[in-house]
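This report introduces a protein structure to a reader who has not seen it before. It begins with the overall arrangement and then turns to individual residues.

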Amino acid sequence: MTGGKPGPLLDGGPGPGWWQQGRCWLGCDRRDLPVQWIGPVEVGVTRADMYACVDCLSRLRSLVAEETTGRP
Ligand SMILES: [Zn+2]
């Protein structure tokens with residue numbers, strides 16, 4: 001794991017709006033369900049793509065809305 005390409009793959013790979021069958025990374029930890037790419041995550045020097053299911057995405061959307069509205 002040295003350097004490597006930052007960010008998601010482009011054509012035919014994970015990126016904004018990309019859905020695939022897989023595991024939800026956002027708490028429910030279910031597997032083998034449709035999940036959407038939500039961005040790269042970095043832990044130390046390791047980078048991976050994160051995915052979330054519909055349920056967790058709506059929860060995340062509310063959080064984002066809370067964080068981005070009502071702010072000066
Ligand atoms: Zn989930």
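Along its sequence, the protein chain follows the pattern β-β-β-α. In other words, the chain has three strands and one helix. The model is a predicted one. Its pLDDT averages 85 over the protein chain, and 81% of the residues score at least 70. Confidence is lower at the start of the chain: over residues 1-9 the pLDDT stays under 50, and for this stretch the model has 10 contacts beyond four places in sequence.

Two figures describe the chain as a whole. Of the 72 residues in the protein chain, 10% are buried. Among the contacts between residues at least 6 apart in sequence, 37% join residues at least 24 apart.

**The sheet**

The three strands form an open sheet in the order β1-β2-β3, and the pairing is antiparallel. Strands β1 and β3 stand at the edges, each with a single partner strand, so one side of each is left without a neighbour in the sheet. From one strand to the next, the twist averages 60 degrees.

Strand β1 covers residues 19-22 and β2 covers residues 33-43. These two run antiparallel and are joined by four bridges. One pairing involves Gly22, whose bridge partner in β2 is Leu33. On the other side, β2 pairs with β3, which comprises residues 46-53, in the antiparallel sense over eight bridges. Here Val41 stands opposite Ala48 in β3, and Val35 stands opposite Cys53 in β3. The strands β2 and β3 form a hairpin with two residues between them, and Gly44 in the turn has a positive phi of about 65 degrees.

**A buried residue in the middle strand**

Val35 lies in strand β2. Is Val35 buried or exposed? Val35 counts as buried, because 24 C-beta neighbours lie inside 10 Å, and the cut-off for a buried residue is 20 or more. Leaving aside residues up to four places away in sequence, Val35 touches Trp19, Gln20, Gly22, Arg23, Cys24, Tyr51, Ala52 and Cys53. One of these, Cys24, is 11 residues from Val35 in sequence, and the C-alpha atoms of the two are 6.2 Å apart.

**Residues with positive phi**

Most residues other than glycine have a negative phi. Against this background, Asp29 has a positive phi, near 60 degrees, in a residue other than glycine. Asp32 likewise is not a glycine and has a positive phi of about 60 degrees. Asp29 is placed in the loop between β1 and β2, and Asp32 is found in the loop between β1 and β2 as well. How exposed they are follows from their neighbour counts: Asp29 is exposed because it has 10 other C-beta atoms within 10 Å, and Asp32 is exposed because it has 9 other C-beta atoms within 10 Å. A residue is exposed if 12 or fewer such atoms lie within that distance. The table sets these two residues beside two glycines with positive phi.

| Residue | Phi | Place |
|---|---|---|
| Asp29 | near 60 degrees | loop between β1 and β2 |
| Asp32 | about 60 degrees | loop between β1 and β2 |
| Gly44 | about 65 degrees | turn of the β2 and β3 hairpin |
| Gly70 | about 70 degrees | just after α1 |

**The helix**

Helix α1, residues 54-68, lies across β2 and β3 and runs at about 100 degrees to β3. How far apart are the end C-alpha atoms of α1? They are 21 Å apart, which agrees with the 21 Å that its 15 residues should span at 1.5 Å a residue. The expected span is 1.5 Å times one less than the number of residues. The helix is hardly covered, since the count of buried residues among the 15 residues of α1 is one. Just after α1, Gly70 takes a positive phi of about 70 degrees.

Note on methods
Residues numbered from 1 in each chain as written. Predicted model: local features only at pLDDT ≥ 70, side-chain atom pairs only at ≥ 80, totals over all residues. Contact = placed C-beta atoms within 7 Å. Pairing = 2+ DSSP bridges. Axes fitted to C-alpha atoms, helices over the stretch in contact; angles between N-to-C directions. pLDDT = per-residue confidence, 0-100.
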